[in-house]
Amino acid sequence: MPWEPWASGSLKWESQCPQELGAWDPSSSKKPIFMRKDTKTSFQWRIRNLPYPKDVYSVSVAQKERCIIVRTTNKKYYKKFSIPDLDRHQLPLEDSALSFAHANRTLIISYQKPKEVMAAESELQKELKKVKTAHSSAGDCKTQ
């Protein structure tokens, strides 16, 4: 019988998508997983595997550090993260634009996009529509 690496357990999974590693690695199934998923009108982050009720979480803006801070009252979780899009446009962080929800062991943090960022994204989309892709025209190349 030929040697099979999966039979001996010596074969290890390699992930090319770091945010999805928790789905494959049983040892990290209880560790919080932090990811960003923006919508058209807001920046949004999701922290999976947080089992506590919503009233345990505190989500706030740190003006001096230009970041958002997530903490729990039971001191089991703490995370600081910035919003590079606001830094790029040199816009201040507003407490009123921040909100959060908790459902299915996931903390969802939303920050409403300022008008300046939405306008810049709109302009970028217009520019991208003008760009011709490799498959947009027949071109001079003919397949045989």
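This is a dialogue about how named features of one predicted model follow from their definitions.

Student: What should I keep in mind about the model and its numbering?
Tutor: It is a predicted model, in which local features need pLDDT of at least 70, side-chain atom pairs count only at pLDDT 80 or more, and totals for chains, interfaces and linings use all residues. Residues are numbered from 1 along each chain as its sequence is written, and side-chain values use heavy atoms, with hydrogens and water left out.

Student: How many helices and strands does the protein chain have, and what makes a stretch count as one or the other?
Tutor: The protein chain has 4 helices and 7 strands, where a helix is a DSSP run of H or I with at least four residues and a strand is a DSSP run of E with at least two, each kind numbered from the N terminus. Read from the N terminus on, the elements follow the order α-α-β-β-β-β-β-α-β-β-α.

Student: What makes E1 and E6 the edge strands of their sheet?
Tutor: The open sheet has 4 strands in the order E1-E2-E7-E6, with antiparallel pairing, and strand E1 (33-36) and strand E6 (98-103) each pair on one side only. From one strand to the next, the twist averages 15 degrees, taken between axes that are lines fitted to C-alpha atoms, with angles running from 0 to 180 degrees between N-to-C directions.

Student: How do you know that E1 and strand E2 pair?
Tutor: Two strands pair if DSSP finds at least two bridges between them. E1 is joined to strand E2 (residues 42-48) by 4 bridges, and the two run antiparallel; Arg36 stands opposite Trp45 in E2.

Student: Why are Arg36 and Asp85 called a salt bridge?
Tutor: The term asks for a side-chain nitrogen of Lys or Arg within 4 Å of a carboxyl oxygen of Asp or Glu, and the closest N and O atoms of Arg36 and Asp85 are 2.8 Å apart, so the pair qualifies. Because Arg36 lies in strand E1 and Asp85 in helix H3, the pair ties together parts that are 49 residues apart in sequence. As general background, side chains of opposite charge can pair when their charged atoms come close.

Student: What makes the link between the side chains of Asp85 and Arg36 a polar contact as well?
Tutor: A polar contact is a pair of N or O atoms within 3.5 Å; within protein, one must be able to donate a hydrogen and the other to accept it, and residues adjacent in sequence count only if both atoms are side-chain atoms. The polar contact between the side chains of Asp85 and Arg36 is 2.8 Å.

Student: Why is Asp85 called buried, and how does Arg36 count?
Tutor: Buried means under 20% relative accessible area, exposed over 50%, and partly exposed in between, with a 1.4 Å probe and protein chains only. Asp85 has 12% relative accessibility and therefore counts as buried, whereas Arg36 has 32% and therefore counts as partly exposed. Asp85 sits in helix H3 (residues 84-88); leaving aside neighbours within four places in sequence, Asp85 is in contact (heavy atoms within 4.5 Å) with Arg36 and Phe43.

Student: Which parts of the chain does the salt bridge of Arg66 and Asp87 tie together?
Tutor: The side chains of Arg66 and Asp87 meet in a salt bridge of 2.8 Å, N to O. Arg66 lies in the loop between strand E3 (57-62) and strand E4 (67-72) and Asp87 in helix H3, so parts that are 21 residues apart in sequence are tied together. Arg66, at 28%, is partly exposed, and Asp87, at 32%, also counts as partly exposed.

Student: How do you know that E3 and E4 belong together?
Tutor: They are joined by 6 bridges and run antiparallel, forming a hairpin with 4 residues between them, in whose turn Arg66 has a positive phi of about 55 degrees. Ser58 stands opposite Arg71 in E4.

Student: Is Ala62 in strand E3 buried or exposed?
Tutor: Ala62 has a relative accessible area of 14% and is therefore buried. Not counting residues up to four places away in sequence, Ala62 touches Cys67 and Ile69.

Student: What makes Glu123 and Lys126 a salt bridge within one helix?
Tutor: Their closest N and O atoms are 3.8 Å apart, and both residues lie in helix H4 (residues 115-130), 3 residues apart, about one turn of the helix.
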